[in-house]
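User: Hi, got a minute to go through this one with me?
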Amino acid sequence: MSRIFSGIQPSGELHIGNYLGAVKNWVKLQHEYDSIFCVVDYHAITVQYEPSQLRQRRREMIVSLLAAGIDPNVATVFVQSQVPEHTELAWIFNTITPLGELERQTQFKEKAQRQESVAAGLLNYPVLQAADILLYRADKVPVGEDQVQHLELSRVVARKWNSLFNDGEVFFAEPQPLLTPTRRVMGLDGKTKMSKSTGNTIGLLETPESIWEKLRPAVTDPKRIKRTDPGTPEVCNIYHLHKAFSAPETVDHVAVQCRTAGWGCIDCKRVLFDSMERELAPIRHRAEELSARPSDVDDAVASGAHRCSSLARETMDVVRERMGLAGAEPDGRIAGQSGSQSVNRV
Ligand code: ATP
Ligand code: MG
């Protein structure tokens with residue numbers, strides 16, 4: 001069975017952009033692939049953060065993923081920092097990643113602009129991402145459109161490592177993205193993509209009252225100034241959200257009502273709100289149930305980390321061996337110099 005890997009940062013609450021662009025797809029794909037989903041806290045520390053908040057957000061993210069429908073009996077779910085091999089492989093990949101490729105990454109340029117002081121970790125973020133995926137030798141990565149450029153870099157890294165250290169076989173597959181029809185959800189400001197770090201989100205677990213408070217003033221087609229002005233649904237973020245949450249016949253009706261000014265934008269938003277509630281209310285309900293059973297959540301993540309640790313060690317044994325590095329045997333000897341029987345001897 002082919003393997004997929006994907007991650008999400010505990011940098012804030014899981015929002016409907018994450019859900020529509022990635023997590024909803026994970027829920028479907030978990031039945032078709034050997035699936036590994038990771039809460040990537042090593043990534044979340046590439047910008048300023050509070051340790052206590054990180055702990056809390058990590059837990060909330062796991063609850064949100066399980067509530068959204070990730071089944072830990074079907075898929076493997078864990079936290080990145082439980083498996084330190086991610087950072088080991090990232091260091092190794094740092095040594096073969098062209099600097100110029102990192103400097104031209106759009107996410108780096110955008111996030112660096114928002115930081116007072118830019119850490120090297122932010123630049124090297126996509127190298128860690130390549131390590132996350134290749135550590136499990138996954139060949140498909142279900143993500144939103146914003147990650148496509150990072151995946152291109154993962155392929156560059158895989159190719160480069162294979163060409164330098166391969167023993168006549170391709171060890172790392174070149175990972176390909178798996179995108180959804182809602183691969184880029186715009187923020188409520190209608191200007192930039194919805195992002196945890198920019199605060200233009202609707203949380204997956206937000207209360208109905210709070211969702212309505214955000215939907216009501218959300219930006220629509222700017223040409224609909226008066227109630228009687230006809231609009232163009234394709235330029236309106238609310239219409240795109242209808243396409244994600246409403247039934248196809250409702251979406252068609254919305255388009256007609258917008259073009260003919262049959263509805264005002266508020267009418268259109270009320271219908272969207274009802275569609276969203278139909279999908280989000282059961283998720284909220286499951287999250288409440290899960291929060292009441294913290295040990296079940298802990299058990300799911302512990303068993304995920306256990307499986308991933310053993311997969312990660314298998315990969316790292318080969319990587320160390322091919323690269324001429326010492327093995328990870330804790331016997332204090334340098335393999336190859338003292339007659340060590342280590343499988344990792346050089
Ligand atoms: P941050 O602002 O901290 O980067 P984020 O909201 O971008 O947070 P990530 O954890 O970086 O979320 O990404 C998790 C997954 O969600 C990735 O697969 C990413 O492509 C996807 N994703 C993020 N934002 C969107 C969006 N607006 N539309 C579609 N998919 C998205
Ligand atoms: Mg992001």
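Analyst: Sure, one term up front: buried means under 20% relative accessible area, exposed means over 50%, and partly exposed is in between, using a 1.4 Å probe and protein chains only. This is a predicted model, where local features need pLDDT of at least 70 and side-chain atom pairs count only at pLDDT 80 or more, while totals for chains, interfaces and linings use all residues. Residues are numbered from 1 along each chain as its sequence is written, chains are lettered from A and ligands numbered from 1 in the order written, and side-chain values use heavy atoms, leaving out hydrogens and water.

User: Thanks! Is Trp 161 buried or exposed?
Analyst: Trp 161 is buried, at a relative accessible area of 0%.

User: And what does Trp 161 pair with?
Analyst: Phe 165, in a tilted aromatic pair with 5.5 Å centre to centre and 50° between the planes. Rings of Phe, Tyr and Trp (its six-membered ring) pair if their centres lie within 6.5 Å; planes under 30 degrees apart are stacked, over 60 edge-to-face, and the rest tilted. Both residues belong to helix α9 (residues 148–165), and because they are four residues apart there, about one helical turn separates them. Phe 165 is partly exposed, at 21% relative accessibility.

User: Which residues make up the cluster there?
Analyst: Ring pairs join Phe 93, Trp 161, Phe 165, Phe 171 and Phe 172. The charged end of Arg 137 also sits over the ring of Phe 171, 3.7 Å from its centre; the rule is NZ of Lys or CZ of Arg within 6 Å of the ring centre and within 35 degrees of the ring normal.

User: Switching topic: why is β2 largely enclosed?
Analyst: Strand β2 (residues 34–39) has six of its six residues buried, so the rest of the structure largely encloses it. Asp 34, Ile 36 and Cys 38 cover one side, with Ser 35, Phe 37 and Val 39 on the other. Helices (H or I, at least four residues) and strands (E, at least two) are DSSP runs, numbered from the N terminus.

User: Which strands pair with β2?
Analyst: Strand β1 (residues 3–8) does so in the parallel sense over six bridges, and strand β3 (residues 76–79) in the parallel sense over four. Pairing takes at least two DSSP bridges. Gly 7 has Cys 38 as its bridge partner, and Val 39 has Val 79.

User: How many aromatic pairs are there?
Analyst: Nine. One of them is Trp 26 with Phe 37, stacked at 4.6 Å centre to centre and 5° between the planes. Trp 26 is in helix α1 and Phe 37 in strand β2, 11 residues apart.
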